[in-house]
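Hi,

Here is the structure I promised to send over. Have a look at it first, and my notes on what turned up are just below.

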Amino acid sequence: MDIAKSLAVYRKAIDLRAQRHEVLASNIANADTPNYKARDFDFGEAMKGAASRWDEQKNLGLAHTSSRHFMTRGGGADYRLQFRNEYQSAVDGNTVEMDVERAQIADNALQYQILTQLISSRFQGLRTAMSGTQG
C-alpha cells in the first residue's frame with residue numbers, strides 16, 4: 001500500500017472514531033431526556049462504506065492533473081446511525097444505559113489512541129528512512 005493511500009485510510013478511520021465519539025457523547029448528554037433513543041453506528045461497516053466509495057471514485061477515471069485541483073469526496077455520511085438495542089426499559093422512554101455508553105466511549109477512545117500511535121509510528125518510520133538516505 002502506498003503512503004498516500006495508507007494515510008487516507010488512517011485519516012478516514014480517525015475521522016470516523018471522532019464522529020462516533022460525538023454520537024456516544026450525545027447519548028450520555030441526553031441520559032435524562034425523556035423519550036431519547038440512544039444511537040450508535042458500526043465502525044467496521046462505516047469503513048467498508050468509505051472503502052467502496054474510494055473504489056467507485058477510482059473507477060470514475062477522473063484525473064488530478066494540478067496541485068490546485070480540489071480532491072473530490074463522495075457525498076453523504078459514511079455511516080448509518082442506528083438506534084441501540086434496549087436492554088432495560090425506562091419509565092420515561094429513555095434508552096440510554098450509562099454502563100453501556102461508558103464502555104463504548106472508553107473502547108472508542110482507546111481505538112482512537114491506537115490510531116494516533118499508528119500514524120505517529122508511520123511518520124517516524126518515514127523520517128528515519130529519509131534521514132538514512134541523506135549522506
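Let me start with F41, which counts as buried because its relative accessibility is 4%, under the 20% cut-off. Before you read too much into any of this, keep in mind that it is a predicted model.

So what does F41 form with Y79? A search of the whole structure finds one aromatic pair, and it is these two: F41 and Y79 are stacked, 4.0 Å centre to centre, with 15 degrees between the planes. F41 comes from the loop between β1 (39-40) and α2 (43-59), while Y79 comes from the loop between α2 and β2 (82-83), so the pair ties together parts that are 38 residues apart in sequence. Unlike buried F41, Y79 is partly exposed, with a relative accessible area of 24%.

F41 also turns up in the surroundings of L81. That leucine lies in the loop between α2 and β2, and if you leave aside its neighbours within four places in sequence, L81 is in contact with V23, R39, D40 and F41. Its relative accessible area is 35%, so L81 is partly exposed. You can also check the backbone here: the C-alpha atoms of L81 and A38 are separated by 9.9 Å, although the two residues are 43 residues apart along the chain.

There is another ring to click on. The charged end of R17 sits over the ring of F43, 3.6 Å from its centre.

Now for a backbone oddity. Most residues other than glycine have a negative phi. N35 is not a glycine, yet it has a positive phi of about 65 degrees. You will find N35 in the loop between α1 (3-29) and β1, and it counts as exposed because its relative accessible area is 53%, over the 50% cut-off.

Last, the surface. Which residues form a nonpolar patch there? They are L110, I114 and L118, and together they have about 240 Å² of accessible area. I114 is found in helix α3 (residues 98-133). At 36% relative accessibility, I114 counts as partly exposed, because that value falls between the 20% and 50% cut-offs.

If you want a viewing order, I would go from the F41 and Y79 stack to the contacts of L81, then on to N35 and its positive phi, and finish at the patch with L110, I114 and L118.

Cheers

Definitions and conventions
Residues are numbered from 1 along each chain as its sequence is written. This is a predicted model: local features need pLDDT of at least 70, side-chain atom pairs count only at pLDDT 80 or more; totals for chains, interfaces and linings use all residues. Side-chain values use heavy atoms; hydrogens and water are left out. Patches are made of residues with over 30% relative accessible area and no salt bridge: like charges are joined within 9 Å, nonpolar side chains (Val, Leu, Ile, Met, Phe, Trp, Tyr) within 5 Å. Accessible areas come from the Shrake-Rupley method with a 1.4 Å probe; for residues, only the protein chains shown count as cover. A salt bridge is a side-chain nitrogen of Lys or Arg within 4 Å of a carboxyl oxygen of Asp or Glu. Helices (H or I, at least four residues) and strands (E, at least two) are DSSP runs, numbered from the N terminus. Buried means under 20% relative accessible area, exposed over 50%, partly exposed in between (1.4 Å probe, protein chains only). Rings of Phe, Tyr and Trp (its six-membered ring) pair if their centres lie within 6.5 Å; planes under 30 degrees apart count as stacked, over 60 as edge-to-face and the rest as tilted. A charge sits over a ring if NZ of Lys or CZ of Arg is within 6 Å of the ring centre and within 35 degrees of the ring normal. Contact means heavy atoms within 4.5 Å.
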